[in-house]
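Me: Please take a close look at one helix-to-helix contact in this model, and place it in the context of the chain around it. I would like the cut-off behind each term stated once, where the term is used.

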Amino acid sequence: MLRFIVRRLMQAIPTLLILSLLVFVWLRSLPGGPSGALLGDKATPEKIEALNKVLGLDQPIYIQYFKFLGRILSGDFGSSLISGEPVVAEISRALPATIELSLAALLFAVVLGIPLGYLAASHRGRFLDNSTVIGTLVGVAVPVFFLGILLKQLFAQDLALFPPSGRQDVTIDPTHVTNFAVLDGLLTQEWDAAADALWHLVLPAIALGTIPLAVIVRITRASVLDVLNEDFVRTANAKGLQAQLIRRRHVLRNAMLPVSTTIGLQTGLLLGGAVLTERVFVWGGLGSLLAQGIERRDYPRLQALLLLAAVVYVLVNLLVDISYAIIDPRVRAS
């Protein structure tokens, strides 16, 4: 297993290099370029040319790229044009909020999606199956921001069951803050703060996790139906094995390969959905940073967030490959 993981890590290195090259080219292809963004309204051809010399942007493109790569490897992403703070500090402060929201949405999607998909496949053609299929179509069709607004209107404003926005109302000792609101409450044994953070998390997690939930349900259903028609399942039934044993050892285990791929892809897509969800619920994570960076053409911030998204996708794919190897040992030899 260790050799398999190392091999996958080595394959991830050229992927990250290619992604860094794409980000580098993208930054220099936008109107005005980095110098134009830094100068803002004061940009003139003469000032842009002078700043290009100061920043080394007049050097050959390959030299610029290697310097760009060196700064990235050293953790230097520059300072935000909006706040003036180092971009790394901004991201480290906002990242826990997005991670917390994404994990909650993924947990909601997986915990409900796999059992619902299996039950739908087990009751194929019946009411449960048909209603589940219809529900997943609706779940995929409804945009994240629209669902968030509906949930906020109904459960936060009309029924007043959940808070309408923000991450937490109950504050704790700031010396213990890690920016993971639920974890902070648990670590400091501030149970009211932990419960309050969880209560704020419910509506955004449901809004963000609905589309992944629908996709996981459909993939699980299709995968289970395929496995149920396999010869080894019919043989197990013919031998008189217990239905629970057949489901656990034969059906679910073999059906999990495409499901794990889907979960991995949906995990990466959660970052995109988090932008809209965070705006609706005023969450204050990476989505807010990205939206501000796009509106204000904050190149350093956008560069760092794009590279972070690329790293997340690569790591998620690595975890998917590892899950493959755990589910099906034959994958380790490939």
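Reply: Of the 334 residues in the chain, 40% are buried (under 20% relative accessible area, with exposed meaning over 50% and partly exposed in between, for a 1.4 Å probe and protein chains only). The model is a predicted one, in which local features need pLDDT of at least 70 and side-chain atom pairs count only at pLDDT 80 or more, while totals for chains, interfaces and linings use all residues. Residues are numbered from 1 along each chain as its sequence is written, and side-chain values use heavy atoms, with hydrogens and water left out.

The chain holds 13 helices and zero strands (DSSP runs numbered from the N terminus, H or I of at least four residues for helices and E of at least two for strands). About 18300 Å² of the chain is exposed, and carbon and sulfur atoms supply 66% of that area (Shrake-Rupley method, 1.4 Å probe, with only the protein chains shown counting as cover for residues). Of the contacts between residues at least 6 apart in sequence, 73% join residues at least 24 apart, a contact being heavy atoms within 4.5 Å.

The contact to look at closely is that of H7 with H9. Two packed helices are described by the angle between their axes and the distance between the axes. Here helix H7 (residues 144–158) and helix H9 (residues 191–228) pack at an angle of about 145°, with the axes 9 Å apart; axes are lines fitted to C-alpha atoms, for helices over the stretch in contact, and angles run from 0 to 180 degrees between N-to-C directions. The crossing of H7 past H9 is right-handed, meaning that the near helix is turned clockwise from the far one by less than a right angle, whereas anticlockwise would be left-handed.

On the H7 side the contact is made by Val144, Leu147, Gly148, Leu151, Lys152, Phe155 and Ala156, which meet Leu203, Ile206, Ala207, Thr210 and Ile211 in H9. By class, these are nine nonpolar, two polar and one charged residues (Ala, Val, Leu, Ile, Met, Phe, Trp, Tyr, Cys and Pro count as nonpolar, Asp, Glu, Lys and Arg as charged, and the others, Gly among them, as polar).

H9 also packs with helix H5 (residues 87–122), where the axes come within 6 Å and cross at roughly 35°. H5, too, passes H9 in a right-handed crossing, and the residues of that contact divide into 24 nonpolar, six polar and two charged.

Aromatic rings add detail, since the structure holds six aromatic pairs (rings of Phe, Tyr and Trp, its six-membered ring, with centres within 6.5 Å; planes under 30 degrees apart are stacked, over 60 edge-to-face, and the rest tilted). The rings of Tyr65 and Phe68 have centres 6.4 Å apart and planes at 35°, so this pair is tilted; both residues are buried. Phe155 pairs edge-to-face with Phe162, at 6.5 Å centre to centre and 75° between the planes. Phe155 counts as partly exposed because its relative accessibility is 26%, while Phe162, at 16%, counts as buried.

Beside the start of H7 in sequence, Pro143 lies 9.5 Å from Leu276, C-alpha to C-alpha, although the two are 133 residues apart in sequence. Leu276 belongs to helix H11 (residues 243–281) and, at 40% relative accessibility, counts as partly exposed.
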